[in-house]
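Here are some short exercises to work through with the structure open beside you. Try each task before you read its solution.

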Amino acid sequence: MASLPDLADLRLLVDVARLGSIGAAGREAGISQQSASERLRGVEARTGLVLVRRDPRGSSLTAAGRLLVDWSLPLLAQADEIEGALRTLREGRSKELSVWASMTTAEYLLPSWLVRLRRDSGVAASLRATNSEAVLDAVRTGEADLGFVEGPGDLGGLATRVVGHDDLVLVAAPDDMWARRRTSLTPAQVAARALTGREAGSGTRRAVEEALAAAGVGSPEAEVELTTTSAVVAAVQAGSPPAFLSRRAVDRDLESGRLVEVRVDGLDLRRVFTAVWVGRAEPPPGAVRDLLGIAGREARRTT
């Protein structure tokens, strides 16, 4: 059964008509005369037609070959337009990057990374800060080109790279009863008090819940649930119950005395910052790889 030749083979046939020889058409396509001749025989076999006359003085098209060339020219012109449009789309996307990140990464790490990306690579990136579950959903659906999450989460089906580490600390207002303790809290004591915390789906909340579960106790009730790190900090400073927060987020408040660190024994509160994307284990070339390179260099510099 006859079948439509590939676009590259049709272009080769058009070049034979234009240049007058198989060898010249092959050079135009970057292949040898032998390869060009074999490909043309393949076109003839697929179409069931004799398309090219071959003689020592050169090559010419048969009537069927000329007709096929006439039919092919509009198709090849349209293919060139589509290829150009795709190239423009790729080049445009290479200069834009959609980044979603969970709150600590978005607030304390990514702003400087994105400034450096723009300066070094000329790439403009948009950043959306949300909780870790929303980040993972956005990456899986293609809404985000690259995501950054904190702590545990369902990373199944995603390529990942660790780009940093962090510790959670329990902080309280200076006049809170826990701020005046001289001894460390146990996991059971932490679990027995309602705390200020992040909403369900946040990396911070999940990390605390898993640490308490590993210590054999349940999670504390939430007296207040807030959606941003800065809101939690402000609430605790205003007298809300203590909260677990990234040390990066509260360093200055601890130094100034606006917050007090409450020591807790028996909880593993170390977590990792992880970049996630869809595809192969190695990140795709372009803006994604550039940003991951910046994140990796910054992580090494600060450890």
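This is a predicted model, and its chain averages a pLDDT of 87, with 94% of the residues scoring at least 70.

**Exercise 1. Confidence by element**

Find which elements of the chain have the lowest and the highest mean pLDDT.

Solution. Start at the low end: helix H4, residues 63-94, has the lowest mean pLDDT among the elements of the chain, at 75. At the high end is strand S10, residues 260-262, with a mean of 97.

**Exercise 2. A pair of helices**

Describe how the axes of helices H2 and H3 are placed relative to each other, and list the residues that make the contact.

Solution. Two packed helices are described by the angle between their axes and the distance between the axes.

Step 1: take the distance. The axes of H2 (residues 22-29) and H3 (residues 33-47) come within 8 Å.

Step 2: take the angle. The two axes cross at roughly 100 degrees. Angles of 65 to 115 degrees count as roughly perpendicular, and H2 and H3 are therefore roughly perpendicular to each other.

Step 3: list the residues. H2 contributes Ile 22, Gly 23 and Gly 26, while H3 contributes Gln 33, Ala 36, Ser 37 and Leu 40.

Step 4: sort them by character. The contact of H2 with H3 has three nonpolar residues, four polar and no charged.

**Exercise 3. The buried face of a helix**

Work out which residues of helix H7 are buried, how they are arranged around its axis, and what covers them.

Solution. Step 1: pick out the buried positions. In H7, which spans residues 132-141, these are Ser 132, Val 135, Leu 136, Ala 138 and Val 139.

Step 2: look down the axis. The buried residues of H7 fall within an arc of 160 degrees, so they line one face of the helix.

Step 3: see what lies over them. The cover includes strands S3 (96-102), S4 (124-130), S5 (146-150) and S11 (270-277), together with helix H9 (203-214).

Step 4: zoom in on one of these residues. Ala 138 has a relative accessibility of 2% and counts as buried. Beyond four places in sequence, Ala 138 touches Trp 100, Glu 143 and Ala 144. Its C-alpha atom is 10.0 Å from that of Ala 101, a residue 37 places away in sequence.

**Exercise 4. Two residues of one strand**

Decide whether Leu 168 is buried or exposed, do likewise for Arg 161, and list the contacts of each.

Solution. Step 1: locate them. Leu 168 is in strand S6, residues 159-172, and Arg 161 lies in S6 too.

Step 2: apply the cut-off. Buried means under 20% relative accessible area. Leu 168, at 4%, counts as buried, whereas Arg 161, at 30%, is partly exposed.

Step 3: list contacts, leaving aside neighbours up to four places away in sequence. Leu 168 touches Thr 204, Ala 207, Val 208, Leu 245, Ser 246, Leu 269 and Arg 271. Arg 161 is in contact with Phe 273, Thr 274, Ala 275, Trp 277, Glu 282, Pro 283 and Leu 292.

Step 4: add a distance. Arg 161 and Glu 282 are 121 residues apart in sequence, yet their C-alpha atoms are 9.2 Å apart.

**Exercise 5. A buried aspartate**

Find where Asp 9 sits and which residues it touches.

Solution. Step 1: Asp 9 belongs to helix H1, residues 7-19.

Step 2: its relative accessibility is 7%, so Asp 9 counts as buried.

Step 3: beyond four places in sequence, Asp 9 touches Arg 39, Val 43 and Arg 46. The C-alpha atoms of Asp 9 and Val 43 are separated by 7.0 Å, with their positions 34 residues apart along the chain.

Conventions. Residues numbered from 1 in each chain as written. Predicted model: local features only at pLDDT ≥ 70, side-chain atom pairs only at ≥ 80, totals over all residues. Heavy atoms only, no water. Axes fitted to C-alpha atoms, helices over the stretch in contact; angles between N-to-C directions. Helix = DSSP H or I, 4+ residues; strand = E, 2+ residues; numbered from the N terminus. Parallel < 35°, antiparallel > 145°, perpendicular 65-115°, else oblique. Contact = heavy atoms within 4.5 Å. Nonpolar A, V, L, I, M, F, W, Y, C, P; charged D, E, K, R; others polar. pLDDT = per-residue confidence, 0-100. Buried < 20%, exposed > 50% of the residue type's maximum accessible area, 1.4 Å probe, protein only. Arc of directions from axis to C-beta.
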